[in-house]
Amino acid sequence: MKQYTHEELQKLAAKIYYLDEQVYMLLGSSLGRVFNIGRVNAIEDMVEKMEAGEGYVLRSELALISNMARTIQNDQARKQLMREYEQILNEVMELPDSQIHADILDKQRAELLSKASFTHRFGEHDHFIICIERAYGCGGTGIGFEVADKLHINYYDDEIFDEVLKRLDAEKDYIHDHGGFSYDRDALNKAEYIYADPDEVAFAQDQKKGLFQRLKDFNRYHGLSKRDAVFFNQSELLQNLALEEDFVIMGHCASAILTNHNIPHISIYLTAPFDLRVERVMHGNKKINLKQARKLVKKQDDTYGKYYEFFTGLDWKDAVNYDLALNTAAYGFQGTVDRIVDTLRRYQN
Amino acid sequence: MENLPAWLCIPFAGLLLSIAIFPLVKEEWWEKNRPIMVALWSVLFIVPFTALFGPAHAFETVLECIVNDYLTFIVLLFGLYCVAGNITMEGDLAGSPRVNIILLTIGTVLSSVIGTTGSSMLMVRPVIKMNSWRKRRSHIMVFFIFLVSNMGGCLTPIGDPPLLMGFSRGVPFFWSMHILPILIFNMILVLTIFYFIDRKNYQKDIREGLMPDIRKPGTKITLKGLHNLIFIAMIVAAVILSGVLPDMAFMQNASGEVLGIHLFGEVVLTVPAIIECVIILVAAGLSFKTTKKEIRIANHFTWGAIEEVAVLFIGIFITMQPALMILKVLGPQLGLTRPIQMFWVTGALSSFLDNTPTYLVFLTTTGAMKYAEGIMTSLGYIPYNMLLAISCGAVFMGANSYIGNAPNFMVKAISDENGIKMPSFFGYVFWAFKILVPVFLIDTLVFFIR
């Protein structure tokens with residue numbers, strides 16, 4: 001039985017995707033299609049299945065497409081697509097049980113390894129995007145801003161959240177958002193050390209509301225929770241932004257979102273020892289005592305950690321999810337900035 | 001008919017196995033040869049039946065089930081399929097666990113108002129559409145079948161055909177409202193399970209980068225073809241008439257038999273059945289005449305789903321006959337005297353047989369037990385708990401397989417046509433076994449143990 005190369009499988013997958021697209025277009029239906037995860041992801045997914053010897057899954061998906069194709073009203077178009085379907089089906093039937101060659105590398109591992117080096121990550125037309133996640137109180141916001149400044153690219157944080165709220169036609173209340181951490185709008189030192197009830201974080205569960213307000217929110221957020229609606233909108237905004245410019249983005253699960261949409265970027269995680277972060281928070285906000293500060297740092301971390309896990313399925317604090325993980329306390333503010341910039345400059349187009 | 005051999009049920013089992021296995025192993029072949037396989041299994045029942053009981057009796061049996069069971073069944077399904085296919089919803093409400101729970105709740109309640117078939121046909125497309133952005137959708141349709149296509153129909157005789165039969169035998173119209181606490185209890189259980197399953201799948205979808213299109217502020221939902229609700233009301237009225245008219249004096253001859261066209265032997269196409277079919281077909285025709293084609297295109301309206309159901313169910317109805325005949329003979333001899341027995345036996349049989357005759361067999365059995373008190377019906381007194389158990393068993397457990405209730409297979413077929421990979425026959429039964437059987441066990445402990 002013929003062994004297919006990765007490129008051949010990609011071509012076959014592209015044909016299947018195109019067939020699904022054509023069928024859906026010709027039907028004029030608004031009830032959905034078989035592959036709704038975007039071209040690149042769908043093709044990758046199919047190739048993965050074929051390589052893993054799961055051709056039978058693909059055959060059942062093909063059968064779903066043919067179910068839909070058979071209902072096309074236009075005889076000529078239906079026949080044409082059914083012919084294409086038959087050809088593709090024959091090719092899929094020809095697939096061996098397993099496409100895995102004995103000497104091939106673990107794909108995930110290979111991917112991880114290629115992530116360790118930024119060299120080939122960015123294509124000629126890709127923008128240089130840096131996604132920073134940071135533990136609460138480690139000085140990440142300032143570091144991110146400084147990195148952007150040194151690289152002469154834009155820095156995004158609150159702006160994303162504000163834009164999303166504008167899109168959703170939602171009021172801002174008095175809480176703003178910093179990469180997933182809330183801050184009080186009137187706080188003098190809002191950029192770094194803030195004190196707000198984490199339950200009021202935009203991403204936290206909705207507060208108790210009356211029926212009217214609930215209905216209003218139901219309509220405003222398309223039946224979703226505010227958290228989910230904000231996430232979906234910021235995901236889309238980020239993708240659009242990634243097509244337009246180089247930038248540094250703080251928080252917002254940006255790295256996971258861009259990875260899902262195959263947009264090249266570099267991910268960085270900043271953290272510092274818990275006690276030092278507590279100290280910084282107290283230093284920045286004289287109104288709170290040690291106990292409150294400890295509680296705040298822990299709660300903010302937990303809230304964002306849960307939020308991150310919900311939308312990405314990943315552990316926010318796990319260094320393996322990032323290209324670069326730094327302890328800001330080991331290098332200090334400027335040292336961390338310099339270290340990041342030095343590393344990134346080598347690969348900036 | 002007392003000595004009907006059990007092996008005559010083999011063609012029925014064979015047909016069910018064909019429905020279960022062929023789509024898995026020879027899907028393409030099954031698609032093309034479905035009618036042939038249905039005909040083959042039907043012939044495999046008819047030939048030995050003819051050899052045993054003679055051609056006249058065999059012809060009468062087949063004709064009886066086609067005219068009096070299948071005809072009204074398929075016409076009702078066809079009518080609701082046509083009319084519901086002419087109503088479309090456009091909007092950007094995003095399918096999420098919360099929205100799905102709301103939709104399933106609306107559908108469940110609606111089932112008792114316009115019937116499980118009507119509600120299923122009306123709600124299936126909006127549910128598919130709102131969840132079209134998602135990859136993992138089949139579980140939503142499975143729970144849709146559980147709740148909207150089955151359980152929801154328990155509150156009124158319009159909801160599900162067995163209850164309509166009960167109504168025509170003297171069970172008061174609103175008596176089924178006594179099932180409300182059980183329905184609410186089950187909805188809480190099933191929807192809670194659904195929430196956690198859907199939430200997990202929703203998370204998986206999001207984590208793969210899927211997202212709904214909610215760029216515009218505010219949700220806009222537009223319903224088109226709403227005038228078709230009038231035709232749905234017409235169909236519901238036709239169903240009620242079919243239950244009420246046979247008992248009216250003017251519909252009966254001097255010997256008390258329902259008027260109709262005599263076809264063969266004792267097979268009569270009754271006037272109420274003709275009236276029901278005519279009203280439904282007129283409603284379907286008017287619906288098509290008055291609705292723009294664009295609505296059907298947006299709904300991806302095709303004849304495929306109804307054709308599939310029509311072909312499969314004619315075979316199911318024919319080959320099911322020996323099982324029903326055996327049930328009629330054995331049912332009263334089973335010695336079922338407690339609600340718990342009635343609930344499980346009626347339910348287990350309704351999972352794979354037509355739930356209307358199953359319900360009638362056990363209602364008649366209970367009526368013949370000469371109870372001195374209970375709900376007064378034309379079959380005798382039926383104790384409250386027994387009626388509750390028979391009704392719940394027949395209605396709820398229709399959800400246990402794709403063939404347990406009319407809309408189940410329709411929902412599956414429509415989902416299959418719209419890019420949703422539904423579980424296989426046994427896959428679905430496994431879902432029911434995992435989710436519904438524990439719920440029914442809890443029901444037993446709470447409501448039927450006495």
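Buried residues make up 52% of the 450 residues in chain B, where buried means that 20 or more other C-beta atoms, placed from the backbone, lie within 10 Å of the residue's own. This is a predicted model: local features need pLDDT of at least 70, side-chain atom pairs count only at pLDDT 80 or more, and totals for chains, interfaces and linings use all residues. Residues are numbered from 1 along each chain as its sequence is written, while chains are lettered from A and ligands numbered from 1 in the order in which they are written.

**Chain B overall**
- Chain B has 17 helices and six strands, which are DSSP runs numbered from the N terminus (helices: H or I, at least four residues; strands: E, at least two).
- The C-alpha trace of chain B spans about 70 × 50 × 45 Å along its principal axes.

**Helix 17 of chain B**
- This helix covers residues 425–448, and its end C-alpha atoms are only 29 Å apart, short of the 34 Å of a straight helix; that expected span is 1.5 Å times one less than the number of residues.
- A kink of about 35° is centred on B:F433, the bend being the angle between axes fitted to the seven residues ending there and the seven starting there.
- Its buried residues include B:Y428, B:A432, B:I435 and B:F440.
- Helix 1 (10–25) and helix 7 (180–207) of chain B are among the elements that cover the buried residues of helix 17.

**Contact between chains A and B**
- The contact takes 38 residues from chain A and 37 residues from chain B, counting residues whose C-beta atoms, placed from the backbone, lie within 7 Å.
- Helix 9 of chain A gives six residues, the largest share of the side of chain A that touches chain B.

Methods: Buried ≥ 20, exposed ≤ 12 C-beta atoms within 10 Å, placed from the backbone. Contact = placed C-beta atoms within 7 Å.
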